[in-house]
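Here are my notes on this one, written as numbered points. Have the model open while you go through them.

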Amino acid sequence: MLKYDIAVNVQTEYLPHQSTPSESRYVFAYHITITNCGTQAAKLLSRHWIITNGDEKIQEVKGGGVVGEYPHLESGESFQYSSGTVMDTVVGSMHGSYQFIADDGTEFEAPIRAFRLSVPNQVH
């Protein structure tokens, strides 16, 4: 078992009731579970997202915590939250990282693998 090991699981959802396709406004939610798989407890400090739309336009988002919280995770604990993004194309992707500080003072990064955001039944 690794000392610093954070797993990130993402589920996405298109929100048609908040979207306006005629204005190229597509709203997506993402539901995240962050699990401390390591042996060292750690606190999430910040996030860094890279959001890419279907036209390869990139938007970067950086900030402290997630949804106003800075969860502290003991070994084996998880934290869940939901957030969202608005795109001007029917398909896009996100990836990034969370920055953590372990209880022993070591700062480390937890990568977030790329995930797809897409309106159902669209070909792109």
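1. Which elements each supply at least two residues of the lining of the largest pocket? They are β1 and β8. Keep in mind throughout that this is a predicted model.

2. Staying with that pocket, β8 gives the most to the lining, with 5 residues. The full lining consists of Ile-6, Val-8, Val-10, Pro-111, Ile-112, Arg-113, Ala-114 and Phe-115. By type that comes to 7 nonpolar, no polar and 1 charged. As for volume, the pocket comes out at about 170 Å³.

3. Now the rings. The structure holds 8 aromatic pairs. Take Tyr-14 and Phe-28: their ring centres are 5.5 Å apart and the planes meet at 50°, so this pair is tilted, since that label covers angles that are neither under 30 degrees nor over 60. The pair also ties together distant parts of the chain, with Tyr-14 in strand β1 (residues 6–14) and Phe-28 in strand β2 (residues 26–36), 14 residues apart.

4. Are those two rings buried or exposed? Tyr-14 has a relative accessible area of 17%, so it is buried, the cut-off being under 20%. Phe-28 is buried as well, at 1%.

5. Phe-100 and Phe-108 make a stacked pair, with 5.6 Å centre to centre and 15° between the planes. Both Phe-100 and Phe-108 are buried.

6. There is also a ring cluster to look at: Tyr-30, Trp-49, Tyr-98 and Phe-115 are linked by ring pairs. Phe-115 turns up in the pocket lining too.

7. Which residues have the most contacts inside the largest nonpolar core? They are Ile-32, Ile-34, Trp-49, Tyr-81, Tyr-98, Phe-100 and Phe-115, in a core of 28 residues. The elements giving two or more residues to this core are β1, β2, β3 (42–53), β6 (78–87), β7 (91–102) and β8 (107–118).

8. Finally, it's worth clicking on Trp-49. Leaving aside residues up to four places away in sequence, Trp-49 touches Tyr-30, Tyr-98 and Phe-115, among others. Those three belong to the ring cluster with Trp-49. Its other contacts include Ile-32 and Tyr-81, both on the list of residues with the most contacts inside the core. Trp-49 also touches Gln-59, Glu-60, Val-61, Met-94, His-95, Gly-96 and Ile-112, and Ile-112 is one of the residues lining the largest pocket.

Technical notes:
Residues numbered from 1 in each chain as written. Predicted model: local features only at pLDDT ≥ 70, side-chain atom pairs only at ≥ 80, totals over all residues. Heavy atoms only, no water. Phe/Tyr/Trp six-rings, centres within 6.5 Å; stacked < 30°, edge-to-face > 60°. Helix = DSSP H or I, 4+ residues; strand = E, 2+ residues; numbered from the N terminus. Buried < 20%, exposed > 50% of the residue type's maximum accessible area, 1.4 Å probe, protein only. Core = buried A, V, L, I, M, F, W, Y, C linked by side-chain atoms within 4.5 Å. Contact = heavy atoms within 4.5 Å. 1 Å grid on protein atoms, 1.4 Å probe; cavity = no way out; pocket = protein on both sides within 12 Å on 5 of 7 lines; lining within 4 Å. Points joined across faces, edges and corners; volume = space filled by probe spheres on them. Nonpolar A, V, L, I, M, F, W, Y, C, P; charged D, E, K, R; others polar.
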